[in-house]
Amino acid sequence: MSEVTPEYEGKAKQMLAGEDSSTMVQRFKNSATAFNGVKKAEFEGKGLLNNAISSQFFELLESNGVRTHFIARPNDKDMLVRRLKMIPLEVVVRNVVSGSLAKRTGQAEGTLVEPPIVETYFKNDDLGDPILSDCHVLMMKLASAAELQHLKQLGLQVNSILRTAFDAAGLRLVDFKLEFGFDPAGDIILGDEISPDTCRIWDKDGRKLDKDVFRQDLGDLMEVYKEVARRLGVKVNV
């Protein structure tokens, strides 16, 4: 892919124009950030790992009836995707108490969340991506009531598929973030990425294998990302 000015640049990815108006190139960076960008570092090969892991998950979801923006992985760092009009919500599915859920509820980290819950957050860095109730989403007109219900149903459907894959790899999917958008036909489909950057992943013994390793200075981030890829059967040369 040629080097061009990104249409959008986030903390971990760039979005570049595709070869036609219906596509974009999602380019994965080696950057790691935490605490809304306060903590930053570069890890050689991280973009390759997240691209490979995300691509495999999108293919898995597509094969199980979940529409995604994924088209192809043309090279190590790039993912060819469908252009979407993104919904400014982060949809978070939680299977186990951890992170902000533990702080907000006083529940002990590691407590099983049964059935899983779905939360929505306003995707706005200036406000710190605050959690929103359904009434706030509707008040702000970020999604209609029907769209919000559909987002939650999709989140739980993705959760069921991913948990099966993680269980088979001897891993525990604690929680994860999804982002969705509208395609040209007005249908809601899954965008962004699914990787150790956007998921909390624990080994069966509780060892953390995700970006919390970077947030909490728990070890070598690249080694745990490589372990996740290996255990999930993701083929990537890093």
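Hi everyone, this short talk goes through two helices, one strand residue and the largest pocket of the structure above.

A word on conventions before we start. This is a predicted model, so local features need pLDDT of at least 70 and side-chain atom pairs count only at pLDDT 80 or more, while totals for chains, interfaces and linings use all residues. Residues are numbered from 1 along each chain as its sequence is written, and side-chain values use heavy atoms, with hydrogens and water left out.

Let's begin with helix α6, residues 221–232. Helices here are DSSP runs of H or I with at least four residues, strands are runs of E with at least two, and both are numbered from the N terminus. The expected span of a helix is 1.5 Å times one less than its number of residues. For the twelve residues of α6 that gives 16 Å, and the end C-alpha atoms are 17 Å apart, which agrees. At the N-terminal end, D220 acts as a cap, with a side-chain oxygen 3.0 Å from the backbone nitrogen of M222. After the helix comes G233, with a positive phi near 80°.

Which residues of α6 are buried? They are L221, M222, V224, Y225, E227, V228, A229 and L232; buried means under 20% relative accessible area, exposed over 50%, and partly exposed in between, with a 1.4 Å probe and protein chains only. Their packing partners include α1 (46–63), α4 (145–168) and β12 (171–178).

You may wonder why E227 is on that list. Its relative accessibility is 16%, so E227 counts as buried. Not counting residues up to four places away in sequence, E227 touches D203, R207 and L209, where contact means heavy atoms within 4.5 Å.

On to α4. Its 24 residues should span 34 Å at 1.5 Å a residue, and the end C-alpha atoms are 35 Å apart, in agreement. Among its buried residues are L148, L151, L154 and G155. G170 follows α4, and its phi is positive too, near 70°.

Now the strand. V92 sits in β9, residues 89–96, and is buried at 9% relative accessibility. Beyond its neighbours within four places in sequence, V92 contacts I117, V118, E119, Y121, F176 and K177.

Last, the space inside. The largest pocket holds about 1,600 Å³. Of its 50 lining residues, K11, E90, D129, K177 and K211 are the closest to its centre. K177, then, is both a contact of V92 and one of those central lining residues. For the grid people: a pocket is an open set of points on a 1 Å grid over the protein atoms alone, where a 1.4 Å probe fits, with protein on both sides within 12 Å along at least five of seven lines, and lining residues have an atom within 4 Å of a point. The volume is the space filled by probe spheres set on the points, which are joined across faces, edges and corners.

Methods:
Polar contact = N/O pair within 3.5 Å; in protein donor to acceptor, adjacent residues only side chain to side chain.
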